[in-house]
Amino acid sequence: MKKLLLSLILLSSFYASRAQINEKKPFFIGNIGTNFGINQHYRAFDNDGGPLIVPQTIFLRAEVGYQFDKRWSGSVSIGYDHHFKFAINSIPYFTTLRYNFIAKSSSAYFIDASVGRMWRPSRSFSNGNYYKIGLGLASFSSSRWNGLIRLDFHRKKIAEFRNGNLDSVSIGVGFSFF
């Protein structure tokens with residue numbers, strides 16, 4: 001009886017460890033985001049000034065990473081940011097650590113933090129550091145393509161810009177491919 005019980009325990013631990021190994025996998029994420037602001041040219045009851053709320057930036061991101069287990073993943077990313085109001089373009093490249101604080105079979109709620117550098121293609125401002133923290137929801141389907149919705153706080157450290165920071169909060173949508 002003891003040998004049978006020991007065999008069952010060893011067999012079940014073997015299958016449990018194999019299930020954890022199957023969670024480890026590489027992934028690709030692409031997303032687009034923007035933040036909104038008040039249109040300075042808006043006039044009530046006048047269509048010539050445009051809408052009250054307008055997008056002020058565009059953020060494009062490509063991310064390659066690895067899912068370590070059900071909760072943790074890490075990635076490297078590159079992006080393109082354009083701030084319409086300031087006519088600032090930048091190309092951030094950064095690393096991200098993501099934690100799924102609620103992980104279900106059909107979705108995951110996550111928080112992530114990123115740190116990296118930012119390259120500026122123009123000479124009007126210097127290159128700088130890039131920081132991001134975000135919250136999001138990833139929905140899983142039976143296919144390898146999955147949807148993402150996220151809310152992010154971005155900080156770009158630019159020495160010659162205002163107080164040295166260009167901060168923004170963005171809403172984004174995207175996809176992941178496992």
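Let's start with a pair of side chains: Arg61 makes a polar contact of 2.5 Å with Asp81. The side chain of Arg61 is also joined to that of Tyr130, by a polar contact of 2.9 Å. Keep in mind as you look around that this is a predicted model.

Where does Arg61 sit, and is the residue buried or exposed? Arg61 belongs to strand 4, which covers residues 57-67. Its relative accessibility is 10%, and because buried means under 20%, Arg61 counts as buried. Leaving aside neighbours within four places in sequence, Arg61 is in contact with residues including Ile29, Tyr80, Pro92, Phe94 and His154.

Some of these partners lead us to the nonpolar cores. Nonpolar side chains tend to be buried together in soluble globular proteins. Here, Tyr130 and Phe94 belong to the largest nonpolar core, which has seven residues; the others are Ile88, Met118, Ile158, Phe161 and Leu166. Apart from this core lies another, of six residues, with Ile29, Phe27, Leu148 and Phe178 among them.

Phe178 also takes us to the largest pocket, whose volume is about 520 Å³. Of the 25 residues lining this pocket, Phe178 is one of the closest to the centre, together with Lys25, Gln67, Asn100 and Phe140. Helix 1 (2-23) and strands 1 (25-34), 6 (88-103), 7 (107-119) and 9 (145-157) each give two or more residues to the lining.

How confident is the predictor? The average pLDDT of the chain is 83, and 87% of the residues score at least 70. Over residues 4-22, however, the pLDDT is below 50, and this stretch has zero contacts in the model beyond near neighbours in sequence.

Notes: Residues are numbered from 1 along each chain as its sequence is written. This is a predicted model: local features need pLDDT of at least 70, side-chain atom pairs count only at pLDDT 80 or more; totals for chains, interfaces and linings use all residues. Side-chain values use heavy atoms; hydrogens and water are left out. Helices (H or I, at least four residues) and strands (E, at least two) are DSSP runs, numbered from the N terminus. Buried means under 20% relative accessible area, exposed over 50%, partly exposed in between (1.4 Å probe, protein chains only). A polar contact is a pair of N or O atoms within 3.5 Å; within protein, one must be able to donate a hydrogen and the other to accept it, and residues adjacent in sequence count only if both atoms are side-chain atoms. Contact means heavy atoms within 4.5 Å. A nonpolar core is a set of buried Ala, Val, Leu, Ile, Met, Phe, Trp, Tyr and Cys residues joined through side-chain atoms within 4.5 Å. pLDDT is the predictor's confidence in each residue, from 0 to 100. On a 1 Å grid over the protein atoms alone, a cavity is a set of points where a 1.4 Å probe fits but cannot get out, and a pocket is an open set with protein on both sides within 12 Å along at least five of seven lines; lining residues have an atom within 4 Å of a point. Grid points are joined across faces, edges and corners, and a volume is the space filled by probe spheres set on the points.
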